[in-house]
Amino acid sequence: VSGSLTRVDSRQADGSIRHLLTDGETSCIWYDDAREWISLPAGDFTSDTEQRTPTYEDILELPVSEIASASYGDYQGLYCIAVETLPDGEGYYTQYWISAETGLLAGAETYQWEELVYRMTALTVDASTPSEDLFLLPDGSSLA
């Protein structure tokens with residue numbers, strides 16, 4: 001994030017990298033080192049939705065009837081509240097870990113049946129200013 005711009009780079013299942021740059025009104029998407037991109041209205045884009053990162057609020061909004069289990073335990077060295085959802089009709093279920101110290105989401109994993117299909121782990125964030133190059137479109141222009 002830099003000013004009004006947010007960039008999200010995500011590795012796709014086929015190994016390619018999807019780049020998204022948005023200012024909240026317009027989003028531009030390109031893949032790998034492509035020199036062309038598509039531009040579209042940002043709509044309800046947030047960095048959390050783009051990265052498929054669940055939030056603490058997602059867990060609070062879970063209907064009790066969808067919770068399979070809840071407990072306390074260790075997750076990557078953090079003492080956490082663990083919540084697991086019941087499988088949906090296609091066998092998908094999610095495990096969440098919320099830090100008992102901060103109340104923030106520490107991690108989440110989604111499974112289809114027993115196969116891990118998505119993992120999000122909270123990382124230490126470098127608060128230094130990001131390079132301005134990260135917020136340029138492939139042709140060197142910017143949304144701003």
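This report describes the fold, the strand pairing, the aromatic pairs and three buried residues of a predicted protein model.

## Overall architecture

The protein has two helices and nine strands, and along the sequence these elements follow the pattern β-β-β-β-α-α-β-β-β-β-β. The helices thus stand between a run of four strands and a run of five in that pattern.

Of the 144 residues of the protein, 35% count as buried, and the protein exposes about 9400 Å², of which carbon and sulfur atoms supply 51%. Among the contacts with a separation of 6 or more, 28% are accounted for by residues 24 or more positions apart.

## The hairpin of β1 and β2

Strand β1 (residues 6-11) and strand β2 (residues 17-22) run antiparallel and are joined by six bridges. One of the bridge pairs can be named: R11 has I17 in β2 as its partner. Five residues lie between the two strands of this hairpin, and G15 takes a positive phi near 95° there.

## The five-stranded sheet

An open sheet of five strands is arranged in the order β5-β6-β7-β8-β9, with antiparallel pairing. Its edges are formed by β5 (67-75) and β9 (115-121), each of which pairs on one side only. If direction is ignored, neighbouring strands of this sheet are turned by 15° against each other on average.

Within this sheet, strand β6 (residues 78-85) is joined to β7 by five bridges, and the two strands run antiparallel. The bridge partner of A82 in β7 is W97. As background to the residues discussed below, side chains in a regular strand alternate between the two faces of the sheet.

## Aromatic pairs

The structure holds three aromatic pairs. One of them is formed by Y72 and Y79, whose ring centres are 5.9 Å apart and whose planes meet at 5°, so this pair is stacked. Both residues are exposed by their relative accessibility, because Y72 reaches 58% and Y79 reaches 54%, and the threshold for the exposed class is over 50%.

Another aromatic pair, Y93 with Y111, is also stacked, with 5.3 Å from centre to centre and 15° between the planes. Y93 lies in strand β7 (residues 92-99) and Y111 in strand β8 (residues 105-112), so the pair ties together parts that are 18 residues apart in sequence. Whereas Y72 counts as exposed and Y79 likewise, Y93 and Y111 are both buried.

## Surroundings of T85 and E109

T85 lies in strand β6 and is buried, with a relative accessible area of 9%. A polar atom of the T85 side chain lies 2.9 Å from the backbone nitrogen of T94. When neighbours within four places in sequence are left aside, T85 is in contact with L62, E66, I67, A68, Y93, T94 and Y96; this list includes Y93, a member of the stacked pair with Y111.

E109 has its place in strand β8 and is buried as well, with a relative accessible area of 8%. The side chains of E109 and Y111 are joined by a polar contact of 2.6 Å, which involves the tyrosine that stacks with Y93. Not counting residues up to four places away in sequence, E109 touches Y93, T94, Q95, W97, L116, Y118 and R119. Y93 and T94 therefore appear among the contacts of T85 and also among those of E109.

## Surroundings of W30

W30 lies in strand β3 (residues 26-31) and is buried, with a relative accessible area of 5%. Although W30 and H19 are eleven residues apart in sequence, their C-alpha atoms are 5.3 Å apart in space.

With residues up to four places away in sequence not counted, W30 touches R7, I17, R18, H19, L21, E36, W37, L136, L137 and P138. Among these contacts is I17, the bridge partner of R11 in the hairpin described above. The list also contains L136, L137 and P138.

Methods: Residues numbered from 1 in each chain as written. Predicted model: local features only at pLDDT ≥ 70, side-chain atom pairs only at ≥ 80, totals over all residues. Heavy atoms only, no water. Phe/Tyr/Trp six-rings, centres within 6.5 Å; stacked < 30°, edge-to-face > 60°. Buried < 20%, exposed > 50% of the residue type's maximum accessible area, 1.4 Å probe, protein only. Pairing = 2+ DSSP bridges. Axes fitted to C-alpha atoms, helices over the stretch in contact; angles between N-to-C directions. Contact = heavy atoms within 4.5 Å. Areas by Shrake-Rupley, 256 points an atom, 1.4 Å probe, with all protein chains shown as cover. Polar contact = N/O pair within 3.5 Å; in protein donor to acceptor, adjacent residues only side chain to side chain.
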